[in-house]
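Student: I am new to this structure and would like to look at it with you. Could we go through it step by step?

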Amino acid sequence: MRLTYLGTAASEGLPALFCECEHCKKAREAGGKSIRTRSQALIDDALLVDFGPDTYMHMLQHNLHLTQIKHVLITHCHQDHFYIDDLLTRAAPFGNADGIMHVYGNNMLSALYHHNVVTRGIYPNTDKALRIVELEEFETVTVGGYEVTPLLADHNPAEKCFIYMIQKDGKTLLYANDTGYFKDEVWEYLKGRKFDLVSLDCNHLDMQVYHNHMSIPCCRKVRERLLLMNCIEKTTPCVLTHFSHNHGGIQEELETLTKGMGFFIAYDGFSIEV
Ligand SMILES: [Zn+2]
Ligand SMILES: [Zn+2]
Ligand SMILES: [Zn+2]
């Protein structure tokens, strides 16, 4: 299983759209891995995770052929993870991809889709191009050959936000953003499970933040608990992502800050195979 990070910033991007703060200035100067777009990931060139406002840019940067992607998991409906107007362009006359793209997520996703397709009524051919599949927490579904289980995130109380357990060919990925420290029922669910790759929300860097998003201290706590529960080995890759301009996102600085803690720092285009 190969996980590729297409975007690794929080919702405003890094540098942010309307910002000249020190972190944004440093990111502009540093360039390269320190320029971060909004969160999105690709698994094995087959399964997309999230469909945010930088999807079009990711298509250009990575020469993606999105016509070939038939399955998309949505973590939640914050605009950096779900930008419905671009998704709807899969329908004619804007797009001409064969078959249906299945988009999996929570009940807010279904409601937003209904609002845009039915109430706004500006995308008449959408049903031929897209199908929304509503998921229930802790219920495993088969998604294009992957076994996918949505687990409840600690994030936006206005909707059911999901982190995902994704399995294929004996490999298991835990993809966890956006979320704070995992909920008790998630820890309960994780008992006895093994992961080959873990991806964690690290929005708040070195602050002591445990809710809504995570931080380095919180991610360390998660990793330590996963180790204690034998869900991972010391050598299991744990990757940090979803960095905010409020706290900093210079690649080398983040690598220094987390040195010896057993983390990889994701950047746009970072890819890891297990
Ligand atoms: Zn986010
Ligand atoms: Zn800034
Ligand atoms: Zn969010």
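Tutor: Gladly! Let us begin with a term: donors are N, O and S atoms within 2.8 Å of the metal (3.2 Å for Na, K and Ca), and water is not among the atoms, so sites may look incomplete. This is a predicted model, where local features need pLDDT of at least 70, side-chain atom pairs count only at pLDDT 80 or more, and totals for chains, interfaces and linings use all residues. Residues are numbered from 1 along each chain as written, chains are lettered from A and ligands numbered from 1 in written order, and side-chain values use heavy atoms, leaving out hydrogens and water.

Student: How are the donor residues of the zinc ion (ligand 1) spaced in sequence?

Tutor: The coordinating atoms come from D80 (OD), H81 (NE2), D178 (OD) and H242 (NE2), at 2.1 to 2.2 Å. Written along the sequence, their spacing is D-H-x96-D-x63-H.

Student: Are D80 and H242 buried or exposed?

Tutor: Buried means under 20% relative accessible area, exposed over 50%, and partly exposed in between (1.4 Å probe, protein chains only). By that rule, D80 and H242 are both buried.

Student: Which residue bridges the zinc ion (ligand 3) and the zinc ion (ligand 1)?

Tutor: The zinc ion (ligand 3) has the protein donors H76 (NE2), H78 (ND1), H155 (NE2) and D178 (OD), lying 2.1 to 2.4 Å from it. The two zinc ions lie 3.6 Å apart. The residue that coordinates both is D178.

Student: What spacing do the donors of the zinc ion (ligand 3) follow along the chain?

Tutor: H155, one of these donors, is buried, and so is D178. Along the chain the spacing reads H-x1-H-x76-H-x22-D.
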